[in-house]
Amino acid sequence: MRLRLPLTAQVFVLVTIPLVFQLVSLFAIARLQSDAEEELRRATIAKKIADEVNQLSNETLDAMTSYGAEQGDFVMPGRGVIYDLHESFSRHYKKLEKLTENDPESRKIVIEAEKAGEAAFKTLKELDYSIHHRHHRTEIDGKESRKPLWKNLRKYGKDLLSHDLIDLAKSKERYAETSPEVQAQLRQRVQTFMLLAGGANLMITLFVAFYLTQALANKIRRLNENTVRLASDLPLYPVMEGDDELARLDQVFHQMAGQLKEAHRKERALIDNARDIICSVDESSRFVAVNPASLELLAYAPEDLLRLPFVDIVAAEQAASTLEYLDRVKEAEQTDAFETRLKRKDGSIIDVLLSAHFSREEASIFCVIHDITERKEAERLRQEVVAMITHDLRTPLATVSNIFDFLGRGDFGKLSEKGDKYVDSGVRNINRMMTLVNDLLDIEKLKSGSIDLEVRAVNLADALRNCAGLYLALGAEDGIDVTVDSEDDDIKVLADEEKLSRLLNNLVANAVKFSPRGGTVKISLSRRDGGAIISVSDQGPGIPDGVIDRVFERFFQVQKSSRKGLGSGLGLAIVKAIADAHGFRVWAESAEGEGSTFKLLIPGNSLR
């Protein structure tokens, strides 16, 4: 049965159990050591008691011998000896009392002996006095008077050296003699217990560590196996039970795996049902994965394309450029979409837009192939229709223009004043139609990239002055002034002079058209950030914020009419197309009611 505890609690248990056992062992060892020290103390005290009793016995016997009887040449000790003997006995008794203070029975024996000793010393003092003052009596009378004192002295001496005191000394002496063996046994017991406790503590630590680490290892192994099974798309092991961190991690892992599978299922559904081909190719440009859309777009089943070189499905004329594009993608030099043509299984060709991204971790290029065949066909058809319409319009327009010329010159006779007005109106409309047709052709050529630019060095200041002179006369009748301000007359740009002039003319014509009577159109040229910038400003009604980004769209006009009438809506679109063809940037700045400023930024690499 596994402990269902948090990891912190398990680690706490792992540390606490051996520590508690070690503390208990230390307490037991300390207790044994204390017993050994107590035994040594008792033995020391017993030895001191035995020594004191023995000294007391010897001194008592000496005193009894000295004062026991008057026989023969008996010599009585000096008078000061009795007092020294009394002090010695007192010291012995005080030591014995202190040594037996924790042993009531022994202390009782010592106190009784001390009482007998005091009575004996009192008798000794009387004898000592009687002997040293015997010149006051006859010697016979003195001896007779001291007999009761000698009898009492012998009695008190026996009490002083009682069997209990002698037995106490002997027992303490035996205890002191046997104590070293007891102490040795206690030391041996301490050593044995220390070894057993250390071994037991080691075994307990190993068992607890093995028990807990085995449980942790099993859970970590289960987590690791689940990660492998998740990566291998295999079913995961059941969710771990418990409330510890690893069990909660496994539960979260299962939730994550479920979400990943759901996300993968949705992603797979999107890829499988996508109309675009979604595929990946390895570093050698061979297919490694393809979605089912390949069957509809290329008539190849996904399994037919696996390990097939990508170039095998590319049209022959696009093979080199497509491989070059994939190489740039692998080098992370290009990630923009690329238009190419692919071969279907039946040999037919389709136009596609190829988007690719290289993953260094997986060493694969992930591609999305979008079919643009219909769009390309529509563009080609539109170009053909525009070319056909403009060609078919030019011929009758040219014929009608010639007829109006004949009529205006009077080749068919003199017209009335009203007829001349109609002829003038027809000529203006014919010219407008011819301009519209030419603009349509030009913008289509610019958008399709089929127009060639004859690039050479063009002086920007001269180009601006020529444009201003052309439109100065156009605006003179309405009092519109066109001015040029150039901070550097030596700025030269590498551009197609004719296309650049048309760009500038369209910008100035737009400004003149929307300028009020008596207004001013300002053209300025300056250097900026290593390049040059041209600004054309008018004092017209301005452009609303919501449409300022659409002014360069074809056929888009801010106002339905202007002071000069309705335009074709292609002038600014042609400006944008010519600017893009040269690598320039054009934009508008305006506030409604405060006029507009169109700016053309020429980068430094286009200057000479």
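**Exercise 1.** In this predicted model, determine which backbone nitrogen lies 3.0 Å from a polar atom of the side chain of Asn226, and state whether Asn226 is buried or exposed.

*Solution.* The backbone nitrogen belongs to Tyr237. Asn226 itself is part of helix 5, which spans residues 163-231. Its relative accessibility is 0%. Buried means under 20%, so Asn226 counts as buried. Beyond its neighbours within four places in sequence, Asn226 is in contact with Leu236, Tyr237, Asp250, Phe253 and His254.

**Exercise 2.** Identify the strands that stand at the edges of the open five-stranded sheet, and describe the pairing of strand 1 with strand 5.

*Solution.* The order of the strands is 2-1-5-4-3, with antiparallel pairing. Strand 2 (287-290) and strand 3 (338-343) each have a single partner strand, so they stand at the edges and one side of each lacks a neighbour in the sheet. On average, neighbouring strands are turned by 35 degrees against each other, direction ignored. Strand 1 (residues 277-282) and strand 5 (residues 364-371) are joined over six bridges in the antiparallel sense. One of the bridge pairs is Ser280 with Phe366 of strand 5. Helix 9 (residues 319-330) packs on this sheet and touches strands 3, 4 and 5.

**Exercise 3.** Name the residues with the most contacts inside the largest nonpolar core.

*Solution.* Among the 45 residues of this core, Leu460 and Val493 have the most contacts inside it. Elements supplying at least two core residues each include helix 12 (460-476) and strand 8 (492-496). Not counting residues up to four places away in sequence, Leu460 touches Ile491, Val493, Leu500, Leu525, Ala532, Ile534 and Ile602. Another core, of 26 residues, lies apart from the largest one and includes Val314 and Ile365.

Technical notes. Residues numbered from 1 in each chain as written. Predicted model: local features only at pLDDT ≥ 70, side-chain atom pairs only at ≥ 80, totals over all residues. Heavy atoms only, no water. Helix = DSSP H or I, 4+ residues; strand = E, 2+ residues; numbered from the N terminus. Buried < 20%, exposed > 50% of the residue type's maximum accessible area, 1.4 Å probe, protein only. Polar contact = N/O pair within 3.5 Å; in protein donor to acceptor, adjacent residues only side chain to side chain. Contact = heavy atoms within 4.5 Å. Core = buried A, V, L, I, M, F, W, Y, C linked by side-chain atoms within 4.5 Å. Pairing = 2+ DSSP bridges. Axes fitted to C-alpha atoms, helices over the stretch in contact; angles between N-to-C directions.
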